[in-house]
Amino acid sequence: MLQYGKLLIPLIMEAASTNSTLVSNVLSVAGSFVPKKVAYLAMPSSSAVDVVKIEIKKLPYTFKSPMLYPFPVMRKSLNPFTQPFVYLIIACLFAMLPCCTLSAFAQSPAPDSPQIEAKAHALVTKLTLEEKIRLLGGEDNMFTKAVPSIGLPRFKMSDASMGVRTWGPTTAYAGGVALAASWDPALARRVGEGLGRDSRARGVHFLLGPGVNIARSPVAGRNFEYLSEDPFLNSALVVPFIDGVQSQGVIATVKHYALNNEEYNRHNVNVEVDERTMRELYLPAFEAAVTQGHVDAVMDSYNLINGAHATQDDFLNLKVLKGEWGFKSILMSDWDATYDGVAAANNGLDLEMPSARFMDEKTLLAAVKDGRVKESTIDDKVVRIFRTILRYGFLDRPQFDPADSTCSVADRAIALDGARESITLLKNKGSLLPLDAAKVKIIAVIGPDAWPAVTGGGGSSEARAFEPVSILTGIANLAGPDVHVLYARGLPEMNDVFRDTRWEGGVTVTTFPSNDFTGKPEIATQPYVGDFQRQRHAPKSDTPQSIRYSASYKAAKTGSYILLEAFQGWDGDEFKITVDGKQLPVLPHAEGQAPQSWTLDLKAGQTLNIQAQCVPSTSTVHFGLGIAYEPELVSAEAKQFAALADVVVVAAGFNPTAEGEGYDRTFTLPWGQDALIEAVAAANPRTIVTLTGGGGMDTRRWLDKVPALLHTYYPGQEGGTAVGEVLFGKHNPEGKLPVSFDRSWEENPSAHYYYPIKGADTSLHVMEDGKPPVDYVIPHVKYEDKLMVGYRYWTTTGKHPLFPFGFGLSYTTFNFSNLQVPATATSGSAISVSFDVTNTGSVAGAEVAQLYVSDPSTKVLRPERELKGFEKVRMAPGETRHVTLNLDAGAFSYWDEAAHKWAIDPGKFIIRVGDSSENTPLHADLILN
Ligand code: BGC
């Protein structure tokens with residue numbers, strides 16, 4: 001670090017230009033490694049003009065004066081006439097320095113106080129009704145609105161599930177489900193702090209996370225952003241996570257409140273669920289976020305719950321959140337999840353995002369005037385906004401914090417720990433892993449997820465990492481120069497399959513000027529259909545069109561063929577595909593659709609007639625269709641590399657195109673991957689499969705043919721390094737499944753209750769932009785699986801999934817012993833349970849000791865066991881750790897439907913301790929009086 005003067009001035013590089021000596025020096029020194037970002041200008045105090053060096057520097061303190069942020073005059077220094085002003089300002093800054101107060105860096109929110117309340121109410125009195133209403137809607141997608149009359153600036157938001165994503169490249173952490181697989185609240189706190197710092201480095205006030213919805217089904221498109229299938233685990237992680245974010249002076253936003261457990265038709269789906277199921281499964285993590293984590297923003301979900309959109313649900317918003325849980329901060333909508341301004345205003349919504357389409361001046365002014373909405377209701381919302389920003393000091397300090405770096409080495413270390421702690425070893429036959437580095441001379445890394453790095457799933461959580469480490473590069477780095485690393489993708493890219501399909505006579509495309517295949521068609525012929533690309537938001541089309549693609553395909557050889565289709569599939573789009581007149585089942589879609597494939601057994605010379613019909617709701621149509629002969633789909637190179645290598649790693653699984661927000665994914669692996677794993681395993685029995693994805697997936701075709709299986713979830717930017725470390729034994733795997741891993745989608749307990757109930761569709765009248773009410777078709781999804789989600793179902797029915805919740809192998813072994821449980825206790829008193837865990841193997845490792853409670857004398861149907869305690873213990877070989885877990889009333893309670901409150905049936909309970917929901921070697925009875 002340069003030791004010239006003590007002055008460090010933040011300089012916005014974006015504003016810099018190249019002409020002046022001052023600025024060109026800055027750019028030539030720093031431009032290569034922090035272009036367009038903030039650097040500090042270090043200079044001798046005697047000379048303000050000579051910039052000698054730029055460094056990114058971590059400051060132990062911050063300047064309190066907002067005058068120093070930012071320093072935009074640099075652009076003007078282009079002009080020689082304005083240059084003196086620059087110097088003058090710099091000189092002024094020098095002069096001001098002694099006045100600046102230095103303060104501790106992280107700025108946790110102050111607790112509410114009579115002073116803050118008084119100030120918040122006083123601010124409200126300064127606003128007109130119009131100004132108050134204007135504050136209730138956002139602007140520019142990621143901001144609240146400013147009120148210039150009282151000097152209130154606007155506040156900035158950013159998406160969050162994998163990293164602070166909205167404002168350029170960032171640190172991409174192992175998000176949601178991976179964090180849950182770590183079972184480590186201390187890590188959750190560190191990730192929260194990292195995200196808080198990443199937010200401050202970008203001046204972000206609101207972080208739009210964490211997401212805590214329950215993983216009810218493996219196909220739900222956003223499971224990867226969320227945590228687990230268990231409310232206790234989610235609650236235990238969300239509290240330190242929020243604490244971490246908010247300790248940095250950034251508001252965390254717990255989302256999506258509530259019951260967003262599928263992406264299918266997420267704006268319109270009506271979740272029908274009973275109160276007990278809600279209270280016991282779907283609400284606890286939100287409750288913990290509010291009552292223990294003191295989260296300062298909650299985001300309502302898109303869906304309806306028992307007939308009301310979340311943004312206008314009085315039960316969830318008013319009775320539960322703001323009433324029972326005492327939430328005093330800001331309840332915002334998901335983006336365009338508000339459907340009725342008056343109903344939302346009266347039922348608890350404080351802030352409509354991203355803009356006021358419904359809670360706007362026109363609607364609410366009229367509603368206040370004619371008494372449909374009380375002015376005090378509007379005032380309460382504004383007080384909540386003021387109270388929160390006052391508690392965070394947003395009016396007294398800059399949110400941009402130059403001591404935090406956008407490309408932070410410290411946060412990179414957290415990202416690496418996140419990947420290390422989550423990777424879960426599911427199978428390790430014959431102890432193939434860890435690999436003996438001395439014996440591996442050639443390693444083949446094959447598969448679509450091997451390179452480039454797949455850090456996260458798709459949608460608003462997609463975080464662009466600066467330099468993500470792929471599985472291929474992670475392994476190569478770990479293997480070192482003496483090991484020969486061979487790489488093949490193994491499968492073609494999807495668009496290559498589309499382009500390489502030889503249709504007999506091309507594809508006939510018939511386009512009708514209507515949305516029902518009527519009117520004068522335009523007919524064209526093209527050699528292939530290969531226009532697919534994932535697009536998150538597409539403008540609606542003004543002119544109707546319906547398109548029919550007709551093509552014939554002649555099989556050259558006898559065998560198995562893959563028919564592959566990818567269609568944008570927006571809500572409102574219709575899509576149908578037939579083969580020889582027979583309609584194929586297609587995935588329901590919403591804001592997109594996962595690519596789909598079907599396997600067809602054909603004879604040489606057999607010709608198929610394929611017809612695909614789409615009625616797109618958007619003007620651009622993204623559609624691809626192709627056929628490939630399965631035995632030739634896997635590249636010859638991949639098979640050859642597999643045969644040559646001492647060991648093969650197949651990186652399989654999903655990616656942002658196949659799994660993401662707005663649509664549900666398939667349970668089967670993306671097309672061709674089963675064939676790829678089979679082909680590689682046939683060429684080399686020492687095949688290790690790594691999976692990327694938000695939960696369980698279909699492994700039936702190949703699991704018994706491969707000796708080792710690792711789940712990496714979405715491991716963030718450092719995932720490849722962590723995979724390499726686990727494979728070569730530099731890190732002992734410690735992840736434990738946060739979801740049950742089913743064999744098939746059908747055996748998942750929610751499968752029969754996942755899509756709408758046939759014949760139950762009704763219409764809902766919704767106001768849209770002041771126009772007459774629009775009829776929405778409401779698909780009803782009834783949660784008849786009730787409490788029987790994940791391991792609750794498996795343990796209650798006595799059946800077994802492929803891999804149970806809580807399961808994960810290690811390179812060492814552990815033993816549980818010495819369970820101490822009081823024989824009797826009084827209901828509601830604090831109860832301590834203790835036991836020993838010993839590392840009985842020869843290497844250090846971490847075990848997650850899990851405590852489950854069973855209630856055999858219950859009066860109501862309860863899941864056979866429920867997680868009520870856990871602790872992650874790290875131990876050296878031979879070490880024993882004594883673990884004590886405390887159980888409160890919540891460990892024994894259920895929601896009494898009739899009395900509408902928590903209840904405990906006195907009598908016998910069983911306390912079980914072990915390393916998964918199924919393996920609980922220790923158990924003891926406890927009688928509760
Ligand atoms: C997502 C939210 C996200 C918001 C802003 C919505 O589509 O559901 O989770 O925070 O967009 O990007």
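Two strands are said to pair if DSSP finds at least two bridges between them. In this predicted model, that idea helps in reading strand E35 (residues 831–839), because eight bridges join E35 to strand E38 (residues 880–887), well within what the definition of pairing asks for, namely at least two bridges. The points below begin with this strand, then turn to the ligand and its surroundings, and end with two residues that sit in loops.

**Strand E35 and its partners**

- Strand E35 is mostly covered, since eight of its nine residues are buried.
- On one side of the pairing, E35 and E38 run antiparallel and are joined by eight bridges, and within this pair Ser834 has Thr884 of E38 as its bridge partner.
- Strand E33 (residues 814–820) is also joined to E35, here by five bridges, and these two strands likewise run antiparallel.
- In the pairing with E33, Phe814 stands opposite Asn839, which belongs to E35.

**The ligand and the residues around it**

- There are 14 residues around the ligand, and those that come nearest are Asp159, Arg222, His256, Asp334 and Glu661.
- Sorted by class, this shell consists of seven charged, five nonpolar and two polar residues.
- Asp159 places a polar side-chain atom 2.3 Å from an oxygen atom of the ligand, while for Arg266 the distance from a polar side-chain atom to an oxygen atom of the ligand is 3.4 Å.
- Tyr302 has an N or O atom in its side chain that is 3.1 Å from an oxygen atom of the ligand.
- The ligand, taken alone, exposes 310 Å², and the protein buries 95% of that area.

**Thr501, a loop residue**

- Thr501 lies in the loop that connects helix H16 (494–500) with strand E17 (507–512).
- Thr501 counts as buried because its relative accessibility is 2%, and buried means under 20%.
- If its neighbours within four places in sequence are left aside, Thr501 is in contact with Pro527, Tyr553, Leu625, Gly626 and Ile627.

**Phe143, a second loop residue**

- Phe143 is found in the loop between helix H4 (129–134) and strand E6 (157–159).
- With a relative accessibility of 12%, Phe143 also counts as buried.
- Phe143 and Arg154 are eleven residues apart in sequence, and their C-alpha atoms are 6.2 Å apart in space.
- Arg154 is also one of the contacts of Phe143 that remain when neighbours within four places in sequence are left aside, and the others are Gly138, Phe155, Lys156, Trp167 and Met353.

Key: Residues numbered from 1 in each chain as written. Predicted model: local features only at pLDDT ≥ 70, side-chain atom pairs only at ≥ 80, totals over all residues. Heavy atoms only, no water. Buried < 20%, exposed > 50% of the residue type's maximum accessible area, 1.4 Å probe, protein only. Helix = DSSP H or I, 4+ residues; strand = E, 2+ residues; numbered from the N terminus. Near = heavy atom within 4 Å. Polar contact = N/O pair within 3.5 Å; in protein donor to acceptor, adjacent residues only side chain to side chain. Areas by Shrake-Rupley, 256 points an atom, 1.4 Å probe, with all protein chains shown as cover. Nonpolar A, V, L, I, M, F, W, Y, C, P; charged D, E, K, R; others polar. Contact = heavy atoms within 4.5 Å.
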